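Me: Could you go through the chain interfaces and the salt bridges with me?

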Amino acid sequence: MNPIPHPMQTPHVLPSDTVSARLRALGMSLPPPLRVPDGVILPFAPVHVIGTRVLISGHGPQHADGSMAGGVGRVGDELDEAQGYAAARATTLSMLASLERSLGSLDRIKRWVRVFGMVRCAPGFQRLPNVINGCSDLLLALWGPELGQHARSAVGMAELPFGIPVEIEAEAELH
Amino acid sequence: MNPIPHPMQTPHVLPSDTVSARLRALGMSLPPPLRVPDGVILPFAPVHVIGTRVLISGHGPQHADGSMAGGVGRVGDELDEAQGYAAARATTLSMLASLERSLGSLDRIKRWVRVFGMVRCAPGFQRLPNVINGCSDLLLALWGPELGQHARSAVGMAELPFGIPVEIEAEAELH
Amino acid sequence: MNPIPHPMQTPHVLPSDTVSARLRALGMSLPPPLRVPDGVILPFAPVHVIGTRVLISGHGPQHADGSMAGGVGRVGDELDEAQGYAAARATTLSMLASLERSLGSLDRIKRWVRVFGMVRCAPGFQRLPNVINGCSDLLLALWGPELGQHARSAVGMAELPFGIPVEIEAEAELH
């Protein structure tokens with residue numbers, strides 16, 4: 001998962017013309033399509049467009065080769081809060097990669113609607129909002145404080161697919 | 001819950017005119033209204049229509065008499081993956097029954113939007129997507145690969161009402 | 001959290017002109033803005049308006065001073081079902097307070113759409129619907145059986161932020 005440093009304060013709205021350019025300016029790149037584990041069939045769409053709504057299926061962090069970055073343990077146990085934050089950011093990059101492949105360009109997204117952040121956490125780990133900030137901070141940095149704004153929940157799950165530490169489901173609005 | 005065989009490959013889009021006819025062709029039937037357990041009040045609507053959106057409350061698998069098929073243990077523990085898949089399929093039949101009662105006909109559904117699949121699972125059970133495929137495969141079989149398509153998450157919960165092994169919340173679009 | 005008595009039968013649609021007046025008639029008041037715990041940043045909006053949709057971020061019960069009423073244990077363990085019901089009602093008051101601050105008036109809400117109720121529960125506690133009725137009963141009392149109606153799920157989580165016993169995410173429709 002290549003833990004990313006843990007700023008908690010990603011600079012907002014870089015002065016680039018496109019979301020892709022802003023991503024590059026932040027030194028980030030999008031992962032390739034998901035390499036699905038053996039024996040697993042995912043018959044649904046990663047991204048589903050209904051009119052101007054775009055619904056984003058649950059995503060998790062990916063390794064650079066496209067495989068799921070699971071089996072790394074729970075946040076609050078094998079992973080600390082900063083690593084959880086990095087996993088939420090990597091999960092967001094996976095969502096953005098699916099959106100770019102599905103929509104052609106991230107600039108078709110007008111604004112964000114909803115983020116539902118799920119953390120595979122150790123019993124007693126309750127700083128779940130700080131983990132899902134890895135998603136919120138990136139959306140706000142890329143789309144700005146108004147269009148990147150979103151309703152959000154950050155909650156602790158018993159299990160997530162493939163042992164990923166973070167899964168995020170989301171919705172955005174298209175132009 | 002009458003475990004159903006575990007195909008993982010439900011045949012797609014049967015050439016019948018109505019969703020009900022396709023259900024019958026698959027040898028499936030819809031359960032009666034939920035028999036709510038003693039001491040439980042469910043004051044909300046199983047299906048809620050807002051314009052062309054139809055929001056489907058969390059449903060679970062039902063027995064043939066309408067009662068909740070709970071108290072059967074956790075997936076990955078007392079239930080194996082195939083039984084989890086069968087429970088997700090039975091949960092989908094429960095959803096379709098509520099939709100038919102509320103809408104009058106399943107043919108009022110234009111297409112599917114979102115499936116949020118929750119599994120009451122044993123610690124370490126992570127093949128959650130294969131369980132919720134019991135829902136996705138049936139929607140895709142009945143509505144076809146385009147209109148049955150949906151955004152989806154499949155996650156592991158600490159507990160579900162009445163000890164049901166699967167609960168699914170969903171959204172579809174009406175004509 | 002000041003446990004509230006546990007009626008399970010809140011009187012429906014009081015004959016007052018405004019939602020605020022009905023709240024007062026029920027003897028309830030709305031909490032002040034959330035006092036966020038030290039070391040936690042919540043960069044997202046409690047309430048997010050998209051056209052006529054209003055999406056409500058995950059909320060929890062608040063103390064009278066605005067702080068989160070967490071650290072009180074799990075429902076089915078330190079808290080019983082009636083205390084869980086009171087926590088779901090207090091969570092709803094927190095949501096309504098955020099809505100009033102964001103929208104100016106609760107009367108801008110035309111009707112309710114969706115309630116996603118999450119309970120931090122002890123293993124084996126499965127009367128989750130009765131807990132989240134603390135939310136549904138209040139919405140139905142304030143908006144009546146038609147406009148207060150909603151699709152709902154009530155599920156058990158491994159952990160919730162700050163150890164709150166209930167978290168609710170919701171959606172309503174604006175006039």
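Reply: What follows covers the interfaces, then the salt bridges, then one helix residue. This is a predicted model, in which local features need pLDDT of at least 70 and side-chain atom pairs count only at pLDDT 80 or more, while totals for chains, interfaces and linings use all residues. Residues are numbered from 1 along each chain as its sequence is written, chains are lettered from A and ligands numbered from 1 in the order in which they are written, and side-chain values use heavy atoms, with hydrogens and water left out.

Me: How many residues of chain B are in contact with chain C?

Reply: On the chain B side 30 residues are in contact with 34 residues of chain C, where contact means heavy atoms within 4.5 Å. The two chains bury about 2,300 Å² between them, 55% of it on carbon and sulfur atoms; buried area is the accessible area (1.4 Å probe) that two parts lose on being put together, summed over both.

Me: Which three residues supply more of the area that chain B buries than any other three?

Reply: Those are Pro43(B), His48(B) and Glu159(B), which supply 24% of the area that chain B buries against chain C.

Me: And how many polar contacts are there across B and C?

Reply: There are 19 residue pairs in polar contact across that interface, both residues being at pLDDT 80 or more. A polar contact is a pair of N or O atoms within 3.5 Å; within protein, one must be able to donate a hydrogen and the other to accept it, and residues adjacent in sequence count only if both atoms are side-chain atoms.

Me: Which strand gives the most to that side of chain B?

Reply: β2(B) gives the most, with 5 residues, strands here being DSSP runs (E, at least two residues) and helices DSSP runs (H or I, at least four), numbered from the N terminus.

Me: Switching to salt bridges, how many does the structure hold over all chains?

Reply: The structure holds 27 over all chains, a salt bridge being a side-chain nitrogen of Lys or Arg within 4 Å of a carboxyl oxygen of Asp or Glu. One of them pairs Glu171(B) with Arg53(A), the closest N and O atoms being 2.7 Å apart.

Me: Why does that pair join two chains?

Reply: The pair joins two chains because Glu171(B) lies in strand β5 of chain B and Arg53(A) in strand β2 (residues 53-59) of chain A. Both residues are buried, that is, under 20% relative accessible area, with exposed meaning over 50% and partly exposed in between (1.4 Å probe, protein chains only).

Me: Which residues are linked with them in a network of salt bridges?

Reply: The network links Arg53(A), Glu171(A), Arg53(B), Glu171(B), Arg53(C) and Glu171(C). Among the pairs, Glu171(C) forms a salt bridge with Arg53(B) at 2.7 Å between the closest N and O atoms, and Arg53(C) meets Glu171(A) at 2.7 Å, N to O.

Me: What does Glu169(B) pair with inside chain B?

Reply: Its side chain meets that of Arg114(B) in a salt bridge (3.0 Å, N to O). Glu169(B) also forms a salt bridge with Arg114(C), the closest N and O atoms being 2.7 Å apart, and this pair crosses between chains, from strand β3 of chain C to strand β5 of chain B.

Me: Last topic: is Thr92(C) buried or exposed?

Reply: Thr92(C) is buried, with a relative accessible area of 0%, and is found in helix α2 (residues 81-103) of chain C. Not counting residues up to four places away in sequence, Thr92(C) touches Gly134(C), Cys135(C), Leu138(C), Leu139(C) and Ile168(C).
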